[in-house]
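Take a look at the structure below. We will walk through its rings, a few of its strands and one charged residue.

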Amino acid sequence: MYAIIDVGGSQLKVEKGKYYFINRREEEEGQAITFDKVLLIDNDGEVKIGKPHLEGAKIEAKVVEHLKGDKVIVFKKKRRKSYKVRNGHRQYLTKVEVENIAL
């Protein structure tokens, strides 16, 4: 059983018992989160699709920890202009564990 949810403007395929990284949330570690924007649920071949969201469907998850993602190097260069800029960026993330997929 899996579901596709809308989290912070991006879509994410989730399954029960697995861990996922989403953009940083306000909730504290150990607190529960409910995702209401469920786009699709597949229950062993029985697919239900929302228009745009499924009514009454929700995903229950728990915040495991807050962390920072891997460093991404941003390098800009203009040839023959002696212009080079090198920056790094680390995204703030929240690790969540999906506990239940309810319809």
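The structure holds zero aromatic pairs, where rings of Phe, Tyr and Trp (its six-membered ring) would pair if their centres lay within 6.5 Å. Two rings do have a charge over the face, meaning NZ of Lys or CZ of Arg within 6 Å of the ring centre and within 35 degrees of the ring normal:

| Charge | Ring | Distance from the ring centre |
|---|---|---|
| Lys-13 | Tyr-2 | 4.4 Å |
| Lys-78 | Tyr-83 | 5.3 Å |

This is a predicted model, in which local features need pLDDT of at least 70 and side-chain atom pairs pLDDT 80 or more, while totals for chains, interfaces and linings use all residues. Residues are numbered from 1 along each chain as its sequence is written, and side-chain values use heavy atoms, without hydrogens and water.

Now to strand 1, residues 2–7 (strands are DSSP runs of E, at least two residues, numbered from the N terminus). Ala-3, Ile-5 and Val-7 form its covered face, while Tyr-2, Ile-4 and Asp-6 lie on the uncovered one. Strand 1 pairs antiparallel with strand 2 (residues 10–15) over six bridges; pairing takes at least two DSSP bridges. Asp-6 has Gln-11 as its bridge partner there. Strand 1 also runs antiparallel to strand 5 (residues 38–43), joined by four bridges, and Ile-5 partners Val-38.

Is Glu-97, in strand 10 (residues 92–102), buried or exposed? Glu-97 is buried, that is, under 20% relative accessible area with a 1.4 Å probe, protein chains only. Glu-97 has no salt bridge, which would need a side-chain nitrogen of Lys or Arg within 4 Å of a carboxyl oxygen of Asp or Glu. The nearest side chain of opposite charge is Lys-62, 4.2 Å away.

Terms used
Buried < 20%, exposed > 50% of the residue type's maximum accessible area, 1.4 Å probe, protein only. Lys, Arg positive; Asp, Glu negative; His and termini not counted. Phe/Tyr/Trp six-rings, centres within 6.5 Å; stacked < 30°, edge-to-face > 60°.
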